[in-house]
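Good morning. Please look at the structure on the screen while I go through it.

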Amino acid sequence: MRATTSPRPSMRRLLRGASRVLPLALLLAGPAVLAPMAWPEAGQAVAQTNRIIAVVNGDVVTANEITNRARLFALNSGMGANSEVLARLTPQVTRLLIDERLRMQEVQRRRILVGDDEVGEAVRDIESRNGLPQGGLAAQLRASGVEPRALYDQIRAQIGWSRLLRAMLGAQGEITPREVDDFVAAHKARTGEPEYLVSEIFIPVDEPGSEPEVRRFVDDVVGQLRRGVPFPAAATQFSQSQTALQGGDMGWVRPDEFDPAVASLLQRMPQGAIANPTRVPGGFQIVALRQKRETGREMATLVTLRQAFYPFTSALDPQNPTQQQRDAVERARTLQDKSCATVEAAGRNGSRPADPGAVRLDTMQPPQLRDLIAALPLGRGSQPIITPEGVMVIAVCTKEARNLAELTPDQARSQILRDRVELISRQLQRDLRRRATIEQRS
């Protein structure tokens with residue numbers, strides 16, 4: 001069983017707005033603003049652009065495609081797109097692009113269409129979530145030496161593959177109430193047993209002869225992760241598990257859901273650790289342990305909030321506030337002790353969300369704000385809270401103690417479905433590799 005993760009929103013969402021996580025299926029995790037990089041010499045670039053590295057059932061993979069995809073990952077993960085990094089990434093990026101070709105060939109064979117408008121919509125969604133104007137993402141990629149098509153092709157392949165898997169799932173996609181009930185009952189029967197919040201990267205080994213090369217790559221990935229490369233970025237780009245679409249997030253899992261060697265590691269690992277690659281059936285698995293708990297037991301206090309924020313138009317000097325700043329404080333003061341509905345109405349159309357959603361009290365940051373919210377009475381606006389950026393009023397609308405480890409029927413249904421999709425994905429990818437004619441050139 002893998003339950004979904006418990007809500008742990010940071011106060012960045014409360015104080016800076018609803019900064020949703022980018023969909024990892026559509027964009028590598030990492031900063032939206034990419035640092036410019038130096039281009040190779042013009043003659044070298046021309047010579048490399050059209051060089052064929054692999055032929056996959058008649059479709060070619062060029063050196064230019066491999067370089068662009070490697071740059072995209074290196075830049076977004078913070079590795080730096082220097083020649084040494086790109087050289088280390090090249091073998092595995094080549095393999096990934098070969099697998100991507102196989103997937104897109106199967107998508108096209110089954111006449112599953114992914115329109116340019118769908119890719120464009122995904123790109124616009126990325127831009128809007130990062131505060132970029134339309135066309136801003138492509139401009140930033142070009143400025144960093146990455147052709148936008150490297151990202152667009154990845155988006156198209158991910159959309160098409162997901163659509164193909166849903167079609168193949170067929171009747172298995174209909175989860176019966178009995179299956180859900182049995183899943184929930186089994187979860188309750190394990191109450192008190194250990195479970196782990198885990199992220200994974202799975203790299204397959206399709207042929208025995210390729211194992212040494214794959215081993216070198218996964219060792220390098222672990223080294224980069226331990227030097228600070230974001231785990232979701234590496235998982236999104238390199239993992240061949242369906243969890244890659246969530247940045248490698250497996251949710252809460254039990255030891256018996258893993259290969260015994262990985263389960264043994266998890267039981268000994270401290271929170272926050274990244275394990276060395278483990279050989280498991282089908283390939284190598286890298287796991288990161290984010291948290292531990294007992295099945296069915298994780299009590300927390302959740303609060304729902306409303307807020308109104310009035311920004312300052314200039315830097316705040318507490319000893320000499322401007323008239324605009326004094327006016328903002330007075331506006332906020334009129335909301336003190338007012339109802340949640342009044343505070344929400346005042347905060348609508350502001351730069352920060354009037355309704356930040358449910359927040360877990362014990363994980364709020366900074367601690368001063370956590371203590372303030374814990375002390376507020378229900379249903380009444382706080383006194384004005386002055387920050388360097390502006391003044392805000394917060395109202396606590398509900399406060400509830402909840403067992404976050406309880407498995408809901410919706411979570412059970414989603415997990416059953418994810419497990420079935422994962423099985424189909426791995427089986428189909430192996431079949432495509434086995435039937436393919438792949439020629440790799442030096």
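I will start with one pair of strands. Strand β1, residues 52-56, is joined to β11 by three bridges, and the two run antiparallel. Two strands count as paired here if DSSP finds at least two bridges between them. Helices (H or I, at least four residues) and strands (E, at least two) are DSSP runs, numbered from the N terminus. Within this pair, Val55 stands opposite Glu439 in β11.

Before going further, some ground rules. This is a predicted model, in which local features need pLDDT of at least 70 and side-chain atom pairs count only at pLDDT 80 or more, while totals for chains, interfaces and linings use all residues. Residues are numbered from 1 along each chain as its sequence is written, and side-chain values use heavy atoms, with hydrogens and water left out.

pLDDT is the predictor's confidence in each residue, from 0 to 100. The protein chain has a mean pLDDT of 83, and 88% of its residues reach 70 or more. Where is it lowest and highest among the elements? The lowest mean, 32, belongs to helix α1 (residues 11-16), and the highest, 95, to strand β5 (residues 278-280). Over residues 1-47 pLDDT stays under 50, and for this stretch the model has 135 contacts beyond four places in sequence. A contact means heavy atoms within 4.5 Å. Where pLDDT is low, the predicted coordinates should not be read in detail.

Now the chain as a whole. It has 15 helices and 11 strands. Of its 442 residues, 50% are buried, where buried means under 20% relative accessible area, exposed over 50%, and partly exposed in between (1.4 Å probe, protein chains only). Among contacts between residues at least 6 apart in sequence, 78% join residues at least 24 apart.

Back to the sheet I began with. Strands of a sheet pair through backbone hydrogen bonds, either parallel or antiparallel. The sheet with β1 is open, with three strands in the order β2-β1-β11 and antiparallel pairing. β2 (59-62) and β11 (438-440) are the edge strands, each pairing on one side only. On average, neighbouring strands of this sheet are turned by 20 degrees against each other, direction ignored. Helix α3, residues 63-77, lies across β1 and β2 and runs at about 55 degrees to β2. For these angles, axes are lines fitted to C-alpha atoms, for helices over the stretch in contact, and angles run from 0 to 180 degrees between N-to-C directions.

Helix α3 also brings us to the aromatic rings. How many aromatic pairs does the structure hold? There are two. Rings of Phe, Tyr and Trp (its six-membered ring) pair if their centres lie within 6.5 Å; planes under 30 degrees apart count as stacked, over 60 as edge-to-face and the rest as tilted. Phe73 and Phe238 have ring centres 4.6 Å apart and planes at 70 degrees, so this pair is edge-to-face. Phe73 is in helix α3 and Phe238 in helix α10 (residues 231-238), 165 residues apart, which links distant parts of the chain. Both Phe73 and Phe238 are buried. The rings of Phe217 and Phe238 have centres 4.9 Å apart and planes at 75 degrees, so that pair is edge-to-face too. Phe217 lies in helix α9 (residues 211-226), 21 residues from Phe238, and Phe217 is buried. Ring pairs thus link Phe73, Phe217 and Phe238 into a cluster.

Next, another sheet. Four strands form it, in the order β8-β7-β10-β9; it is open and its pairing is antiparallel. The edge strands are β8 (358-360) and β9, each pairing on one side only. In the middle of that order, β7 (residues 299-311) and β10 run antiparallel and are joined by 13 bridges. Met299 has Asn403 of β10 as its bridge partner, and Arg306 has Ala395. Strand β9 (residues 385-386) pairs with β10 in the antiparallel sense over two bridges, and these two strands form a hairpin with three residues between them. Ile385 has Met392 as its bridge partner in β10. Helix α13 (residues 340-347) lies across β7 and β10, at about 50 degrees to β7.

One residue to finish. Leu404 sits in the loop between β10 (390-403) and α15 (409-435). Is Leu404 buried or exposed? Its relative accessibility is 10%, so Leu404 counts as buried. Its C-alpha atom is 7.9 Å from that of Gly296, with the two positions 108 residues apart along the chain counted as their separation.
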